[in-house]
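Biologist: I have a structure open and want to learn how to read it. Where do we begin?
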Amino acid sequence: MAETAGMTDTKRATGVLASSGHPEAADRRDAGEASADGAWDLAEIRAQFPVLSREVNGHPLAYLDNAASSQQPLRVLNRVERYLRQQHANVHRGVHQLSAEATAAYEGARHAVASHAGTTDPAEIVFTRGTTEAVNLVASSWGDAFIGAGDEIVLTKMEHHSNLVPWQLLAGRTGCVLRFVDVTPGGRLDLDDFDRLLGKRTRLVACTHVSNSLGTVNPVREIVDRAHAAGALTLIDGAQAAPHMLTDVAKTGCDFYAFSSHKMCGPTGVGALWARRELLEEMPPYQGGGEMISDVKLEGSSWARVPHKFEAGTPNISGVVGFGEAARFLADLGSEAIASHEDALKCAALDRLGEIEGLRLYGPREERTAVFSFTYGDIHPHDLSTILDQRGIAIRAGHHCNQPLMDHYGLSATARASFYFYNSPREIDVLCDGLALAAEVFGGLA
Ligand code: PMP
């Protein structure tokens, strides 16, 4: 597998400044723009996302912060509105019509999300507030029940804080030991490190599917197989993978898979944990309250069947309904079509960003998504982001909840442009023009 240097410090002259004429707004609206293969009607897809046609600071919005949160199509917005206007009631407990409709919408969403995860058993989908809560659920419920002092959990140095801090808290409670797989200079996991770190005491390997900073797509099947061979369970953080690929959890072979709605065209505050049913059956409840019980006496209670055992209290019903519609929307677009458009964007962006002198791109060239972390000369990433924002370009700057990874590269922050299937090739030009402007504003690059 080809691998570029971790820091791609390009040597070629940029030409970006010369071509940095400010595009007319109409040019940037992508009207009538179709993808290279012609089958993907980008203008039609973009028209389904109302926010994409707004202006920011007098410029058409170029939304390149999709790794943080994606936008929602009309279909999702309309479904949530219909639920709120016409069907709102509490789920599971009423016999009246509205409650029946709300319950059908809620459980229908579970089917859609299960299908997105590639499972035929909707009971294996537990709705949570997002990836963060899904990982916390496993760390609290499974971790407190099955992990003891001296047990080991193998993580990696590229984990989002959401797949690190819950395990640190578990280590504080139980005395278990956390071990960390290294990241190569090229931005990949050092797979040999797994073999060094996996041992008799390893109980769990928890690892991200796709890095939110580097874009690296990790070989989860191989990682899962190595973990299982050592007798450990596996948790995959799918927050950055589920938006881009219909996840076949069976193919990954993992035991737990966590993902968020708001990164895959759905609402915020909702996500899912997929887990093998037998694991969910043997895990104790995560939180206590209504909905998660079967029978309650003053002396004690018994639990509802999975997945309800893990869904205490009134859930985020409208969020779940929107999540389900987002999963259906992605399924209708088709994962191959999404992947092919994103792949074209990724290759074009890699080439264009690679031409900019002084721009250092982090992460591998192959086996990656269209998430680009970079530094540009000695311009602070926050300054870069501010300048780009003045041109209507939304990117992220900071540590991206990856502080240990930033430390690994000796950085405090990077700028991050992250693309989704509704982004256009023209927005790559707009980004490059914005970077050229930043170079002008900040003078000579280091
Ligand atoms: N893991 C990864 C890899 C992420 O990118 C994110 C979101 N940035 C999370 C976990 C946390 O997701 P959420 O905030 O939706 O819980």
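Modeller: Begin with the ligand. A residue is near a molecule or strand if one of its heavy atoms lies within 4 Å of it. By that rule, 13 residues surround the ligand here. The closest are T132, D237, Q240, S260 and K263.

Biologist: Before we go on, what kind of model is this?

Modeller: This is a predicted model, in which local features need pLDDT of at least 70, side-chain atom pairs count only at pLDDT 80 or more, and totals for chains, interfaces and linings use all residues. Residues are numbered from 1 along each chain as its sequence is written, and side-chain values use heavy atoms, with hydrogens and water left out.

Biologist: Which polar side-chain atoms lie close enough to the ligand to count as polar contacts?

Modeller: A polar contact is a pair of N or O atoms within 3.5 Å; within protein, one must be able to donate a hydrogen and the other to accept it, and residues adjacent in sequence count only if both atoms are side-chain atoms. Take H262: one of its polar side-chain atoms is 2.7 Å from an oxygen atom of the ligand. K263 places such an atom 2.8 Å from a ligand nitrogen atom. For H160, the distance to a nitrogen atom of the ligand is 3.2 Å.

Biologist: Next, the domains. Where are they?

Modeller: Domain bounds come from an automatic or database domain assignment. The chain is divided into domain 1 (97–329) and domain 2 (336–441). Their centres, taken over C-alpha atoms, are separated by 28 Å. Contact means heavy atoms within 4.5 Å. In those terms, 27 residues of domain 1 touch 25 residues of domain 2.

Biologist: How do I read a nonpolar core?

Modeller: It is a set of buried Ala, Val, Leu, Ile, Met, Phe, Trp, Tyr and Cys residues joined through side-chain atoms within 4.5 Å. Buried means under 20% relative accessible area, exposed over 50%, partly exposed in between (1.4 Å probe, protein chains only). The largest core in this model has 53 residues. F259 and F421 have the most contacts inside it.

Biologist: Which elements give two or more residues to this core?

Modeller: Helices (H or I, at least four residues) and strands (E, at least two) are DSSP runs, numbered from the N terminus. The contributors include α2 (74–87), α3 (97–117), β10 (256–260) and α10 (317–333). The largest share, nine residues, comes from α10.

Biologist: Why does this core lie between the two domains?

Modeller: Domain 1 and domain 2 both give residues to it, so the core lies between them. Apart from it lies another core, of 30 residues, with L350, I356, F419 and C432 among them.

Biologist: What surrounds F259?

Modeller: Leave aside neighbours within four places in sequence. F259 is then in contact with residues including V113, M264, A272 and F323.

Biologist: And aromatic pairs?

Modeller: A pair of aromatic rings is described by the distance of the centres and the angle of the planes. Rings of Phe, Tyr and Trp (its six-membered ring) pair if their centres lie within 6.5 Å; planes under 30 degrees apart count as stacked, over 60 as edge-to-face and the rest as tilted. The count here comes to 16 aromatic pairs. In one of them, the ring centres of W40 and F421 are 6.1 Å apart and the planes stand at 85 degrees, so this pair is edge-to-face.

Biologist: What does the W40 and F421 pair tie together?

Modeller: W40 lies in the loop between β1 (7–9) and α1, and F421 in the loop between β18 (414–418) and α14 (425–442), so the pair ties together parts that are 381 residues apart in sequence. W40 is buried, at 6% relative accessible area. F421 is buried too, at 0%. F49 also pairs with F421: centres 6.0 Å apart, planes at 65 degrees, so edge-to-face. Ring pairs link W40, F49, F329, Y420, F421 and Y422 into a cluster.

Biologist: Last, the backbone. What should I look at?

Modeller: Look at omega and phi. The peptide bond from V306 to P307 is cis, with omega near 5 degrees. P307 sits in the loop between β13 (300–303) and α10. H92 has a positive phi of about 70 degrees, although it is not a glycine.

Biologist: Is H400 buried or exposed?

Modeller: H400 is buried, with a relative accessible area of 8%. H400 has a positive phi of about 55 degrees, and it is not a glycine. Find H400 in the loop between β17 (396–398) and α13 (403–408).
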